[in-house]
Amino acid sequence: MKLTLAIFSLCSLCATASGAETFLSDVWADNWFEMRIDGAPVAQDSVPITTERSFNSESFTFEADRPFVVGVVAKDFKENDTGLEYIGTQRQQMGDGGLILQIRDAAGQTVAVSSADWTCEVIHTAPLDKSCEASTNPMAGEGACTFDALEEPDGWDTASFDASEWPQASVFTAREVSPKDGYDEINWAPEAELIWGPDLEQSNIVLCRITVN
């Protein structure tokens, strides 16, 4: 896949009240993400999740008043609710995810990075039994290929939402995630970490949030 490193602004979707600050964000996700600020979308991965090996980074600006809530929908590719990819081929497997991001203010100061300080709720987990990966005829919801799927909670990416019961983000090393194209194009802050749900392979859709003060 040709590397895509997009730099763009979607500030028409951001808060533009008097006094709003401009922030720069860098995001790398395996495979796809959408970022929201106080519930309003400000950016999403420019490479469709269905693109094979859709690994790329995105850099963009947005405007917001502090404090604000950052909400990120992160998805790993899956062909269906089995959670598998390349179904029916010799490459049939569970995919694996990963997310890293940083946000800086107009002065270049880092105001947020992905870390265990985030809370992340998994809303799609599959397969629940990893032996599904070796099935000759994997069928979602049957045998080892059962799954858990939930809808996005209303308002989960806003300040009024109570996320106190959400678990902390799980932190992984670069060796565990093996971040590819685009990751090395960004000068990541030392404190920025790769995060995901509790299992890189089974956690397929993850909602992550943090409040920036």
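Two strands count as paired if DSSP finds at least two bridges between them, and in this predicted model strand E11 (residues 119-125) and strand E12 meet that condition with 2 bridges in the antiparallel sense. Threonine 125 stands opposite aspartate 148 in E12. The points below begin with the sheet to which these strands belong, and then turn to strand E3, the nonpolar cores, the largest pocket and some backbone details.

**The open sheet**

- An open sheet is formed by 6 strands in the order E4-E3-E6-E15-E11-E12, with antiparallel pairing.
- Its edge strands are E4 and E12, the latter covering residues 148-149, and each of them pairs on one side only.
- Proline 127 is found in the loop between E11 and E12, and the peptide bond that leads to proline 127 from alanine 126 is cis, with omega near -10°.

**Strand E3 and its neighbours**

- Strand E3, which spans residues 32-37, is mostly covered, since 6 of its 6 residues are buried.
- Trp32, Glu34 and Arg36 point one way from E3, while Phe33, Met35 and Ile37 point the other way, and all of these residues are buried.
- Strand E6 (residues 68-75) pairs with E3 in the antiparallel sense over 6 bridges, and within E6 it is valine 73 that serves as the bridge partner of glutamate 34.
- Strand E4 (residues 40-44) also runs antiparallel to E3 and is joined to E3 by 4 bridges; here the bridge partner of glutamate 34 is glutamine 44.
- E3 and E4 form a hairpin with 2 residues between them, and aspartate 38, in the turn, has a positive phi of about 50°.
- Aspartate 38 counts as partly exposed because its relative accessibility is 37%, a value that falls between the limits of under 20% for buried and over 50% for exposed.

**Nonpolar cores**

- The largest nonpolar core has 42 residues, and those with the most contacts inside it are Met35, Phe62, Val70, Leu99 and Trp118.
- A second core, separate from the largest one, has 8 residues, among them Ile123, Trp156, Ala163 and Ile205.
- Met35 thus appears both among the buried residues of E3 and among the residues with the most contacts inside the largest core.

**The largest pocket**

- The volume of the largest pocket is about 310 Å³.
- Its lining is made up of 20 residues, of which Asn31, Phe55, Glu85, Tyr86 and Gln93 lie nearest the centre of the pocket.
- By residue class, the lining of the largest pocket divides into 9 charged, 6 polar and 5 nonpolar residues.
- Asparagine 31, one of the residues nearest the pocket centre, is placed in the loop between strand E2 (21-30) and E3, and the peptide bond from aspartate 30 to asparagine 31 is cis, with omega near 10°.
- Tyrosine 86, another of the residues nearest the pocket centre, is placed in the loop between strand E7 (84-85) and strand E8 (93-94), and its phi is near 55°, a positive value in a residue other than glycine.

**Backbone geometry in context**

- Most residues other than glycine have a negative phi, and most peptide bonds are trans.
- Against that background, aspartate 38, in the loop between E3 and E4, has a positive phi of about 50° although it is not a glycine.
- The cis peptide bonds from aspartate 30 to asparagine 31 and from alanine 126 to proline 127 also deserve a look when the loops are inspected.

**Two further positions**

- Serine 57 lies in strand E5 (residues 56-64) and counts as buried because its relative accessibility is 0%.
- The side chain of serine 57 reaches the backbone oxygen of glycine 182 at 3.2 Å.
- Alanine 107 is placed in the loop between strand E9 (98-105) and strand E10 (110-113), and it counts as exposed because its relative accessible area is 63%.
- The C-alpha atoms of alanine 107 and phenylalanine 23 are separated by 9.1 Å, and these two residues are 84 residues apart along the chain.

Note on methods. Residues are numbered from 1 along each chain as its sequence is written. This is a predicted model: local features need pLDDT of at least 70, side-chain atom pairs count only at pLDDT 80 or more; totals for chains, interfaces and linings use all residues. Side-chain values use heavy atoms; hydrogens and water are left out. On a 1 Å grid over the protein atoms alone, a cavity is a set of points where a 1.4 Å probe fits but cannot get out, and a pocket is an open set with protein on both sides within 12 Å along at least five of seven lines; lining residues have an atom within 4 Å of a point. Grid points are joined across faces, edges and corners, and a volume is the space filled by probe spheres set on the points. Ala, Val, Leu, Ile, Met, Phe, Trp, Tyr, Cys and Pro count as nonpolar, Asp, Glu, Lys and Arg as charged, and the others, Gly among them, as polar. A nonpolar core is a set of buried Ala, Val, Leu, Ile, Met, Phe, Trp, Tyr and Cys residues joined through side-chain atoms within 4.5 Å. Buried means under 20% relative accessible area, exposed over 50%, partly exposed in between (1.4 Å probe, protein chains only). A polar contact is a pair of N or O atoms within 3.5 Å; within protein, one must be able to donate a hydrogen and the other to accept it, and residues adjacent in sequence count only if both atoms are side-chain atoms.
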